[in-house]
Amino acid sequence: MPSPPETISLGSGRRVPYPIASSPAASNVARANRRANTSPEVQLRSELHRRGLRFRKDFLVRMGGTWTRPDIAFTRARVAVFVDGCFWHSCPEHGTVPRTNVEYWVPKLQANVARDRRNTAFLHDEGWAVVRLWEHEDPVGAAERIDCLVKLHRRRTIARAADTRAKRRRPQRVLSKPR
Ligand SMILES: [Zn+2]
């Protein structure tokens with residue numbers, strides 16, 4: 001049986017001891033956390049569908065040298081939605097650090113939060129509005145907020161396009177002829 005690696009990379013040259021589940025119960029908790037992340041997302045998607053909104057799932061957005069995949073993306077309105085898991089993204093209400101393998105979990109969870117901030121900033125630079133929701137948030141209320149934002153952004157996009165067209169149509173300034 002191959003032995004697990006002794007350390008694991010966190011990127012930027014940082015390595016931490018490889019986490020070894022302290023008990024089968026601890027591994028079950030970790031697995032359940034991952035599974036639970038999908039359910040609020042599914043609820044939110046069906047709520048958005050019910051409102052007649054159409055969107056892309058896990059759409060790849062390239063941003064300079066990097067990329068991200070919003071859970072839900074409105075590509076024309078440029079609205080990106082992330083449903084962040086309370087554990088993986090350190091929700092202030094439900095975020096916890098497992099008591100075992102602290103050397104692994106603390107930097108790992110901090111790196112997740114830092115990456116979320118970076119990706120949000122990159123998306124803003126690319127003209128996207130970004131909605132970050134916690135998995136514990138009510139999907140109906142969240143869908144309503146997203147609906148408003150998408151409509152607002154769609155109007156802005158249309159207004160911008162119309163403005164560009166108008167500028168293009170504007171006649172060239174006629175220079176007065178020299179006497
Ligand atoms: Zn939470």
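## A tour of the sheet and its helices

Start by selecting residues 72-74 and 79-84: these are strands S6 and S7, which pair in the antiparallel sense over three bridges. Keep in mind as you go that this is a predicted model. For one of the pairings to look at, pick Ala 73, whose bridge partner in S7 is Ala 80.

Next, stay with these two strands and select the loop that joins them. Arg 78 is found here, between S6 and S7. Check its backbone: phi is positive, about 60 degrees, although Arg 78 is not a glycine. Most residues other than glycine have a negative phi. Is Arg 78 buried, partly exposed or exposed? Arg 78 counts as partly exposed, because it has 19 C-beta neighbours inside 10 Å, and a buried residue needs 20 or more.

Now widen the selection to the whole sheet. Four strands form it, in the order S3-S6-S7-S8; the sheet is open and its pairing is mixed. Which strands are at the edges? They are S3, at 56-57, and S8, at 129-134, and each of them pairs on one side only.

With the sheet still on screen, add the helices that accompany it. Select residues 102-125 for helix H2, which packs on the sheet and touches S7 and S8. The direction of H2 makes about 150 degrees with that of S8. Then add residues 139-169, helix H3, which lies across S6, S7 and S8. Relative to S8, H3 runs at about 180 degrees.

Go back to the edge strand S3 and follow the chain into the loop between S3 and strand S4, the latter at 61-63; there you will find Asp 58. Asp 58 is another stop for the backbone: its phi is near 50 degrees, a positive value in a residue other than glycine. How many C-beta neighbours does Asp 58 have inside 10 Å? There are 9, so Asp 58 counts as exposed.

Finally, zoom out and color the protein chain by secondary structure. You should find three helices and eight strands. Trace them from the N terminus and the elements run β-β-α-β-β-β-β-β-α-β-α. If you color by burial instead, buried residues make up 18% of the 179 residues in the chain. To end the tour, turn to the contacts with a separation of 6 or more: 61% of them are accounted for by residues 24 or more positions apart.

Conventions
Residues are numbered from 1 along each chain as its sequence is written. This is a predicted model: local features need pLDDT of at least 70, side-chain atom pairs count only at pLDDT 80 or more; totals for chains, interfaces and linings use all residues. Two strands pair if DSSP finds at least two bridges between them. Two residues are in contact if their C-beta atoms, placed from the backbone, lie within 7 Å. Axes are lines fitted to C-alpha atoms, for helices over the stretch in contact, and angles run from 0 to 180 degrees between N-to-C directions. A residue is buried if 20 or more other C-beta atoms lie within 10 Å of its own, exposed if 12 or fewer, and partly exposed in between; C-beta atoms are placed from the backbone.
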